[in-house]
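User: I should like to learn how to read the packing, sheets, cores and charged pairs of a protein model. Please give the general idea for each feature and then the case at hand.

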Amino acid sequence: MNIYKYPERETWKDLVQRPQMDVSQLNAKVSDILNDIRLHGDEAIRRYEAQFDHAQIDQLKVSEAEMEEAGTLVPEDLKAALRLAHGNISRFHEAQLFEGKKITTCDGVVCWQKSVPIQKVGLYIPGGTAPLFSTVLMLATPAKIAGCGEIILCTPPDRNGKVNPAILMAAKIAGVSSIFKAGGVQAIGAMAYGTESVPKVYKIFGPGNQYVMAAKQQVSLHDVAIDMPAGPSEVCVIADDSCNPAFVAADLLSQAEHGIDSQVFLITDSATMTDQIAVELERQLNVLPRREIAGKTLENSKFILVSDMDEAMELSNLYAPEHLIIATKNYDELAERVVNAGSVFLGPFACESAGDYASGTNHTLPTHSYALAYNGVNLDSYNRKITFQHLDEQGVRSIGQAVVTMAEHELLEAHANAMRLRMKSI
């Protein structure tokens with residue numbers, strides 16, 4: 001890890017920078033694949049599945065027989081865990097249901113909003129080194145609660161052409177409509193454009209590697225909405241001398257094992273804790289099955305020793321982390337000062353893992369400092385707000401002249417005339 005002691009404020013902007021990479025060649029390759037999917041549909045998907053996932057796929061759609069088989073392969077304790085997590089995620093997102101109110105803005109003018117679910121949504125679930133069945137629950141559960149008519153899921157198969165059974169079980173629990181064997185860029189293209197098998201959707205959700213993120217951003221320019229721009233996953237831990245160094249080290253490592261492009265960030269006002277946490281990191285790292293990945297991630301990690309918690313909060317808000325863990329004795333006080341973060345975990349027992357799986361909050365969050373302007377996935381992500389208004393004759397009397405005056409000053413005579421005619425009619 002990289003340790004910075006009492007850095008000068010003028011260096012903070014450099015400290016919060018994420019690792020950068022040249023994506024020009026990557027974007028060109030992604031564009032070529034997307035164009036191929038647009039032109040050749042299912043045939044192109046099968047070709048890329050053979051090339052990238054080393055799977056020969058005859059039928060892209062997961063069959064009912066495969067769904068039933070998955071039910072026999074998932075252990076009962078995992079099924080119970082999935083149901084518990086689904087219940088908590090449901091309760092948290094059901095509390096976000098929107099109730100529109102009719103507002104009389106002035107005599108004779110009534111305005112209101114209606115929340116309308118997106119009819120077709122697409123969910124991308126990575127496979128790779130860690131099949132993220134938890135993300136199925138995070139994305140499909142609020143989509144079902146929102147009332148989305150069609151919930152499409154794409155995920156890469158293994159070399160035998162099979163989808164991870166836990167992903168299928170989570171999809172069944174959460175109410176996914178259809179599941180397709182497609183990974184990476186080809187999956188994003190399939191949902192953005194539609195193919196012979198995969199329906200076109202109106203909005204795509206889900207995490208992925210740099211190729212998936214580039215594909216989502218490219219299709220969002222003209223063809224489909226996406227949940228948010230994103231980059232590699234990250235965590236920031238704010239710790240003081242009251243923290244449990246073993247807990248903090250475990251939290252840093254749970255993020256580090258995601259992938260070598262992840263980043264972990266520690267801010268503390270305790271030099272003693274910096275040393276103790278570093279020792280714990282090494283001890284716990286050595287026994288992790290994914291220690292090579294986590295160890296590589298730690299090369300990009302930053303431990304920053306600051307003067308006090310005022311500096312810690314200021315630096316954290318500048319960093320705008322995806323996950324923020326406040327492991328201090330006064331976490332409630334510091335929580336009130338959080339301005340930029342995707343999801344916040346308070347106190348010694350609120351590990352990031354709780355939010356990743358089963359506390360109820362959504363783990364699909366803005367990364368790469370996008371928390372400065374974006375929030376994570378929530379129920380509103382699956383809805384559109386449509387505004388309505390009704391004017392009667394009194395409404396025309398109330399605002400008619402103001403409308404005409406403003407339109408005339410903007411030199412939009414047709415606008416003025418539309419209201420002027422109504423004013424004359426009464």
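User: Which residues of α3 meet which residues of α6?

Analyst: This is a predicted model, and the contacts are read from it as follows. From α3, the residues E66, M67, A70, G71 and L73 take part, and they meet P165, L168, M169 and K172 of α6.

User: At what angle do α3 and α6 pack?

Analyst: The angle is about 110°, and the two axes lie 8 Å apart. Angles of 65 to 115 degrees count as roughly perpendicular, so α3 is roughly perpendicular to α6.

User: How should I read a nonpolar core?

Analyst: In soluble globular proteins, nonpolar side chains tend to be buried together. In this model the largest nonpolar core has 35 residues, and V121, L123, V136, L153, V176, I179 and Y382 touch the most other members. Elements giving two or more residues to this core include α3, α4 (76–94), β4 (120–124) and α5 (133–146). The largest share, 7 residues, comes from α5.

User: Which residues does V136 touch, beyond those up to four places away in sequence?

Analyst: V136 touches I125, T141, L153, I167, A170, A171, A174 and V176. Another core, of 33 residues, lies apart from the largest one; I57, C154, F180 and A190 are among its members.

User: How are the sheets to be read?

Analyst: Strands of a sheet pair through backbone hydrogen bonds, either parallel or antiparallel. One open sheet here has 6 strands in the order β1-β11-β10-β9-β12-β13, with parallel pairing. Its edge strands are β1 (2–5) and β13, each of which pairs on one side only. On average, neighbouring strands of this sheet are turned by 15° against each other, direction ignored.

User: How many bridges join β12 to β13, and which residue of β13 stands opposite H323?

Analyst: There are 4 bridges between strand β12 (residues 323–327) and β13, and the two strands run parallel. The residue opposite H323 is S343. Helix α10 (residues 271–285) packs on this sheet, where it touches β1, β10 (263–268) and β11 (302–305). The direction of α10 makes about 160° with that of β11.

User: What is the strand order in the sheet with 3 strands?

Analyst: The order is β2-β3-β14 in an open sheet with antiparallel pairing. At its edges are β2 (103–106) and β14 (383–391), each pairing on one side only. The twist from one strand to the next averages 30°. Strand β3 (residues 109–117) pairs with β14 over 9 bridges in the antiparallel sense, and L391 in β14 is the bridge partner of V109.

User: How does one read a salt bridge?

Analyst: Side chains of opposite charge can pair when their charged atoms come close. The structure holds 18 salt bridges. In one of them, the side chains of R47 and E43 meet at 2.8 Å, N to O.

User: Why are R47 and E43 separated by about one helical turn?

Analyst: They are 4 residues apart within helix α2 (residues 24–53), which means a separation of about one helical turn. R47 is partly exposed, at a relative accessible area of 34%, and E43 is likewise partly exposed, at 40%.

User: Where do D227 and K216 lie?

Analyst: These side chains form a salt bridge at 2.7 Å, N to O. D227 is in the loop between β8 (225–226) and β9 (234–239), whereas K216 is in helix α8 (residues 210–219), so the pair ties together parts 11 residues apart in sequence.

User: Are D227 and K216 buried or exposed?

Analyst: Both D227 and K216 are buried.

User: Which parts of the chain does the pair of D310 and R337 link?

Analyst: D310 forms a salt bridge with R337, with the closest N and O atoms 2.6 Å apart. The pair links distant parts of the chain, 27 residues apart: D310 is in helix α12 (residues 309–319), and R337 is in the loop between α13 (331–335) and β13 (343–346). D310 is partly exposed, at 45% relative accessible area, as is R337, at 29%.

User: Which residues are joined into one network by salt bridges that share partners?

Analyst: D36, E43 and R47 are joined in this way.

Methods:
Residues are numbered from 1 along each chain as its sequence is written. This is a predicted model: local features need pLDDT of at least 70, side-chain atom pairs count only at pLDDT 80 or more; totals for chains, interfaces and linings use all residues. Side-chain values use heavy atoms; hydrogens and water are left out. A salt bridge is a side-chain nitrogen of Lys or Arg within 4 Å of a carboxyl oxygen of Asp or Glu. Buried means under 20% relative accessible area, exposed over 50%, partly exposed in between (1.4 Å probe, protein chains only). Two strands pair if DSSP finds at least two bridges between them. Axes are lines fitted to C-alpha atoms, for helices over the stretch in contact, and angles run from 0 to 180 degrees between N-to-C directions. Contact means heavy atoms within 4.5 Å. A nonpolar core is a set of buried Ala, Val, Leu, Ile, Met, Phe, Trp, Tyr and Cys residues joined through side-chain atoms within 4.5 Å. Angles under 35 degrees count as roughly parallel, over 145 as roughly antiparallel, 65 to 115 as roughly perpendicular and the rest as oblique.
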